Each structure stands twice: as C-alpha cells, then as structure tokens.
Amino acid sequence: MTDATSQSGPVLAADGTPLKKSLARALRLQKTRALMLIAPLLVFVLISFVFPIASMLFRSVENSIVMETLPLTVEELQNWDADSGQLPEEALYAAFIADMVVAIDAKKHTRLGTRLNYEETGMSSLFRKSGRKIKKLDPATDGPFKDKLIDIDKKWGDVTTWAVIKTHSVKITNGYFLNAIDMQRTPDGAQAQPEDKRILIKLFQRTLFMSLMITASCIMLGYPVAWLLANLPARTANILMILVLLPFWTSLLVRTSAWKVMLQQQGVINEVLVWIGLVADDARLVMINNQFGTIVAMTHILLPFMILPMYSVMQTIQPTYLRAAKSMGATNWTAFWRVYFPLSVPGIGAGSILVFILAIGYYITPEIVGGTKGVFISNRIAYHISSSLNWGLAAALGTILLGVVLLLYWCYDKIVGIDNVKLG
Amino acid sequence: MADSASNDAFVEFDRVQKSYDGETLVVKDLNLSLPRGEFLTMLGPSGSGKTTCLMMLAGFETATHGDIRLGGTSINNIPPHKRGIGMVFQNYALFPHMTIAENLSFPLEVRKMGKSVREEKIKRALDMVEMGAFGGRRPAQLSGGQQQRIALARALVFEPELVLMDEPLGALDKQLREKMQFEITNLAHNLGITTVYVTHDQTEALTMSDRVAVFDDGRIQQLDPPDTLYENPQNSFVAQFIGENNTLEGVVKEINNGIAIVQLDDGELIDCQPVHESVKPGARTRVSIRPERVEYNKDRIQEGAHTLKAEVKEFIYMGDIFRTRLSVAGNDEFIIKTRNAPDVERLTPGQQIEIGWLPEDCRALDA
C-alpha cells in the first residue's frame, strides 16, 4: 500500500497490475452476465423497433424508382430544359423506349406509373396503356420514336409529362415531405397544393387539438380518482383499483364498439334523453362520427394511463404535509392548491406525456367512432399504407408525427423538466 | 407548578373521550389543564392515546365526548387552520417543493402579511434556530438536524401561543437528539410559549418538561414534575415505565404509622411506604425499589436500612457505574447500580452479599 501511494504513476493492485486493469477484470464477468441477461430484449428491440423506424425514416425520402427504371431517360433529361417549353429531342424518346422495353419485360413500368401518379394524376394509366403498345416496338430498328410515342398517347407530346418525370428523377427527394405538408415538388420548386387537396395540415392540427383535449379530459377525470385511490383505506382502494384496471381486461374493439352503441343517434343515450323529454325525437344529438365521439371514446380508453402514474405519485405525498399546512393556518383549498397540487404535478406530467403520446398516434378508435370529422393523422397514414400504397407519403407523415412528438417532449422538458416526471 | 391552576388554565381537556370505532375508547376520561408558558410532555407507550390527544388539540381529530378549551373558549368546532396552534411533526413535514424561506413564508402568506413583514419575521425565525444562511436551500439539501430546526422555526414563525410537537426528535441520532432537547426547551422558555410535547422516550420527557403526563391505556396515570414522577411513582406502571425499577411481589401484612409491612413471596418481611390506595392488609402488592438506592458496601448501608441476603448473578463494569444483577427474594432480575468509587468492592458472580435500602425508598404499589 505504501508502494502504491508513494509512486506517482497509476495505483497498483497487490500483485503489481494497475488497479484499473484488475478492477476491469473483476467487473468483466458481471458485465458479461448483465449483457447476456438483456440480450434477448436487445435483439428484439433492434429487430422490431430500431430497424423499422430507421427504414421508415429512409423511405420518406427514398426515390430511386425513376432512376432505376428509366436510367437512360434520366440521363438524357439532364440535357433538356423544362422551362424552354420545347419538347425533348429524339434522343430522349429513343432512350425512353429503350428503358421502357427493359422495364416492361421486368413488369416494372406499372409501378413507376403508380409512383408518378402520386404527383400527377393520369400517369398510372398512361404508363399502363403505353406499355402495351411500346412492348411491340424494337428499340434497335423501329426508330425514330418521337412521333410514334406521341401517336400512342398524345400526353407524350406534352411538356408537363416530361417535366414531372424530370422533377421526380432524383434519388433522394423531399417530395413526400412536401406532400405531407400540403405542398408539391414542381419543376419550379416547392409550391402549395391546389386548395381542394390541402387536407394534411388540417389533419395534423386536428390530431394535435384532439390529443390535447383527450389529455385534458383525462386529467380532469383522472385526478379525483387518483386522489381517492391514494387516500382511501387499503381495502376500498383495492376495489377501486380493480375498477380502474377493469377496462384493460376487455378488448379494445369491444370497448370502442360499446361507445358506438351508447352514442349513436338510435343509441342508449339518445333514447334515454328522448324518453325523458330533454331532446326532441327529431333533434337527436349527433355524438358519434365526429370529434366529440372520438374524444369521449379515447378519453375512456386512455384514462387508466393517466390515473396510474398520478396515483403512484400521490401515494408518496405524506398526509402530514396537508396537516402541517392546515396547522399553519391554510384553509383546505389553500393547503391543497399550494402544497398537495404542486407535489402531484410530476404525476400529472407523467400521465399527460403517456396519454398524449398514445393519443396522437391512435388509430383504431378514431377509425371506428371518428367518421370523417373525427379521424386522426394516423388514419391517413394507415390509408396510405394499405389502400393507396403510397408508402413514401405514409413514411413522411409518420416521420413528421415522430418529429412533433419529440419536439413537444423537448418543450415539456424545457418548461416542466423531465426530472419532474415520476411514475412513483 | 400547581395542579389546581384551572382558573388561569390556558389549555384544558375536560372529560375528553375518543373512540374511532364506536366500540373501544382510545382516550378514556381525560382531564388536564395547562397554565400559560408551561412545557408539558405526554409520555407513554405507543397506543396509549397520547398522540390522539395531541391530534384532538390540533384539530385533526374530533373528541367523541367532552370539551377541549383554549384560552377559556371551547375549540371543539373550530377547524385546525383557525386554531392558530404551531405544530412540529415527527417527519418534519417540510414542503419539499419550496425553499426553506418559502416554507417559513407559508404561514405568513396565508395570514396575508406584507412582503417586508414576512421577510423580517422569516429572518428572525431562522436566526433564532441559527439557520440564517439556509433560506435559499431546499429541505432535501439539509441534514436531519437542520430540517428539525427549520420545522421548529416554521412552527414558531407566526408566533403562536401554543406549540405542539409530535415526537419531533424521533428520527435523530442520540447525540443530536440530546443537543436538540436542550435547544427546544431553551427556546420554549425564552419565548414563553406553552408547549405540548409528545414522546415515548422517558429521558426526553424527564430532561425537557415542567410536567410530564404519563399515559397508559387511554388514561393519564400520573401528572407530575419529572423529579416527583421518578422518585414518587404513584403506581406500578409509572414505576416501571420511568427509569429502571426493581419489583418484588408480596402480601401486605399490616400498616402501622404509615409504614406497611410486606411479606415477600419467599417469606421475608420488609418495611415499605404504602403509596397506592389498594395497599391494605391482606392485599397483594408490588414493591418498587430504584437500583441506585440499594447499597451493598457495609459502610454505606445507612442506619435504619432494611437488609436482605443476595447472590451476585452478573457484574457489569460500565465506566461511571457498576451494574450488578442479583438474585433477591426469588427475583433473579434484581438490578443495582453503584457509582464507581475507589472504596467500592467489585463483585464476582456467585458471591453471597448483603444489600440494604431505606424504607422510604421502598414503595408498595398496586399488584
């Protein structure tokens, strides 16, 4: 020991090896064991979480299909100026035919048509129809192609068609993101979509607004319940806790459908209101297929996620704090507002983050009870993934949603502080 | 302090009873009155009803029966926040989301005091507990003893006439506890506040209080100044609970001129002071003798002392005193304490000795 301290170099263990090294060796086994324990989860998270998200982020900008399907055409398009208003030269038409023949063989031209159709309606049918006729041409012998192609479909004699292909021939595109915020990529740069096609920004705003409404109503409804849970005698609190958790035992679909039964115009609530006479039979309330229906059903479904973090935080607030406040002269309300409430804020924060993030990406409930006015951006994403097959746009929307959530999380951290979020 | 001070009583419990379940009484017929400025300790084992009494006084529990008066007016129906009673809690209950200064400011703010008045009072209160430099800290940044002082300052900052303390030193280590005992009593006496202090620690009760109320089974067993309580316990419970005590059991033979003759269970006859009302000829009794009042050095056994044979079971050297366990009259747990002095003989287990005590130190209590 005296040796180790008298030396100016690294501290040595009893056998002369540096202490750091022998400590690392002693801890290596522990570390390996720990790593082995988390290995299954780590692999699972990598495969099911990190990889899909990375792939989604990439898909929102990836656009190699034009370049891969029409390599020669894209090259020729470099020499053509869309602003000139002139049709391209014969060389480009020849290159296009050569590309198309290869693509038709591989049956890739319809996919390209679908891709370009996202940007310009009519492209899909243009490629499909032209494909059938181009198939019969031989690129080596049948030239020149310019007039033949325009004969096949006069759209090939339209400057816009080529301009669209040129605009979207880049490998990495911002086109999907522009689409996601109601703009489009044009030969003249980014421009706003026509008014009748601008729906996504509105949908984002609605998603945010409704998620906030749902979070707020969860706080309002959940706070008193959490307070009761934390302050009732253990037996009663247990029963109440079971009631809070009961919804988790029922299928999400069943619960959502139940709201349909409750809220529809011939539903339970309307029937009762009409029977009591509060509402005229011909003026039944519209409570479903709109924002109201979505907010009610989702508040119900997400409520436990608000109550549980609030409860676990409130449980740690000692009742003596309130007694102390009252002994110092505070009324019940002042004691609650100045002492209990601030101490329960971390629980509200944790619950709000949980509910808000769950709500903003919710899909199934708005789909069932939302109608057209109560749907979320996630329903649009689902539509683009399963119906329109515009995965690029779906990915861009998803990425923006992710960005918004992260941004809000960051704001929350700045304002409230993430250290103030407790789950218990 | 006189017991019959009920005319100028500041705090008064008048036949107070408390039941939580409607079947058993936690507090049975409590009568107690405190003059202004007194430091009264409620001492007792857990479950004896002392904390319930404190909570009733603070207003967090309501009395099932009887009257609690403060300054002559009944406070039964006054909510806690209007009673103006300062309170120190066992776990301090400092608000963790506020700084020390904000904690102290709280009772002043709810009294709608102006900023400058508040600041002055906070400063004075913090200086009083020697924590002036800590106003900007949070409770979690302070040690237990410092939090304790802040809790005290917070209970005093709004200048209440009555302060209640519920085992405030329970969480501190021994040394700090002794220091704080001293500081709290000094502060209470200097400021002239009436204090009701609850503890289960008898040393604390003896060193701090003007009077101690010993609680057991929902009743006050004895209410006296510390010295009276220790030297003249009125019943077996108090004798056992306060300080160390030796008990010998027997039957009262006769009472002559204020001296009871008790026949111990092994046949030995001893003279005692009859204290408890149940001590009558023929009744069973427990005789209580304090360990430090028993001598075994022949020179020190005073004239008129009663002597008995004893066998040494254990001899423990404790530095300032010797603690000896003896077998006396069939009791193997008879303890005596002897001051360490050059002329005191050190005993060995198995040794046969003779011990003696004065009849006035030997008290016949209830069986």
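# Strands, helices and contacts in a predicted two-chain model

Reader: Which residue in E9(B) is the bridge partner of Leu43(B)?
Author: This is a predicted model. Strand E3 (residues 39-43) and strand E9 (residues 211-216) of chain B run parallel and are joined by four bridges. Leu43(B) is in the residue range of E3(B), and its bridge partner in E9(B) is Val214(B).

Reader: What is the order of the open sheet of six strands in chain B?
Author: The pairing in this sheet is mixed. Its edge strands are strand E6 (85-88) and strand E10 (219-224) of chain B, each of which pairs on one side only. Reading from one edge to the other, the order is E6-E7-E8-E3-E9-E10.

Reader: By how many degrees are neighbouring strands of this sheet turned against each other on average?
Author: The sheet meant here is the open one of six strands in chain B. The average ignores the direction of the strands. The value is 20°.

Reader: Why is one side of E2 and of E5 of chain B left without a neighbour in the sheet?
Author: The open sheet concerned has four strands in the order E2-E1-E4-E5 (chain B), with antiparallel pairing. Strand E2 (27-35) and strand E5 (73-74) stand at its edges. One side of each is left without a neighbour because each has a single partner strand.

Reader: Which residue in E4(B) is the bridge partner of Phe13(B)?
Author: E1(B) and E4(B) run antiparallel and are joined by five bridges. Phe13(B) is in strand E1 (residues 9-18), which six bridges join to E2(B). In E2(B) the bridge partner of Phe13(B) is Leu32(B). In E4(B) the partner is Ile68(B).

Reader: Which residue in E2(B) is the bridge partner of Lys18(B)?
Author: Lys18(B) is in the range of E1(B), residues 9-18. E1(B) and E2(B) run antiparallel. The partner of Lys18(B) in E2(B) is Val27(B).

Reader: At what angle to E1(B) does helix H1 of chain B run?
Author: Helix H1 covers residues 50-58 of chain B. This helix lies across E1, E2 and strand E4 (65-70) of chain B. Its angle to E1(B) is about 120°.

Reader: Which residue takes a positive phi in the hairpin of E16(B) and E17(B)?
Author: Strand E16 (residues 321-328) and strand E17 (residues 331-339) of chain B pair in the antiparallel sense over seven bridges. One of the pairs joins Arg323(B) to its bridge partner in E17(B), Lys337(B). The hairpin has two residues between the strands. The positive phi, near 50°, belongs to Ala329(B).

Reader: Are H2(B) and H3(B) parallel, antiparallel, perpendicular or oblique to each other?
Author: Helix H2 (residues 100-109) and helix H3 (residues 115-128) of chain B have their axes 10 Å apart and pack at an angle of about 125°. Roughly perpendicular pairs lie at 65 to 115 degrees, and roughly antiparallel ones over 145. An angle of about 125° fits neither range, and the two helices are therefore oblique.

Reader: How many nonpolar residues does the contact of H2(B) with H3(B) have?
Author: H2(B) gives Ala101(B), Leu104(B), Ser105(B), Leu108(B) and Glu109(B), while H3(B) gives Arg118(B), Lys121(B), Ile122(B), Ala125(B) and Leu126(B). The crossing of the two helices is right-handed. By class, one residue of the contact is polar and three are charged. The number of nonpolar residues is six.

Reader: Is H6(A) roughly parallel or antiparallel to H7(A)?
Author: Helix H6 (residues 109-117) and helix H7 (residues 123-134) of chain A pack at about 160°, with their axes 7 Å apart. Angles over 145 degrees count as roughly antiparallel. That makes H6(A) roughly antiparallel to H7(A).

Reader: How many residues of the contact of H6(A) with H7(A) are charged?
Author: The residues that make the contact include His109(A) and Leu112(A) of H6(A), and Phe127(A) and Arg128(A) of H7(A). Five residues of the contact are nonpolar and seven are polar. The charged count is one.

Reader: How far apart do the C-alpha centres of domain 1 and domain 2 of chain A lie?
Author: The domain assignment of chain A gives domain 1 (2-59), domain 2 (65-197) and domain 3 (200-420). For domain 1 and domain 2, the distance between the C-alpha centres is 54 Å.

Reader: From which element comes the largest share of the side of chain A that touches chain B?
Author: Here 15 residues of chain A are in contact with 18 residues of chain B. Helix H16 (319-327) and helix H17 (332-360) are the elements that give two or more residues to the chain A side. By class, that side has seven nonpolar, six polar and two charged residues. The largest share, six residues, comes from H16(A).

How values were computed. Residues are numbered from 1 along each chain as its sequence is written. Chains are lettered from A and ligands numbered from 1 in the order in which they are written. This is a predicted model: local features need pLDDT of at least 70, side-chain atom pairs count only at pLDDT 80 or more; totals for chains, interfaces and linings use all residues. Two residues are in contact if their C-beta atoms, placed from the backbone, lie within 7 Å. Ala, Val, Leu, Ile, Met, Phe, Trp, Tyr, Cys and Pro count as nonpolar, Asp, Glu, Lys and Arg as charged, and the others, Gly among them, as polar. Two strands pair if DSSP finds at least two bridges between them. Axes are lines fitted to C-alpha atoms, for helices over the stretch in contact, and angles run from 0 to 180 degrees between N-to-C directions. Domain bounds come from an automatic or database domain assignment. Angles under 35 degrees count as roughly parallel, over 145 as roughly antiparallel, 65 to 115 as roughly perpendicular and the rest as oblique. A crossing is left-handed if the near helix is turned anticlockwise from the far one by less than a right angle, and right-handed if clockwise.
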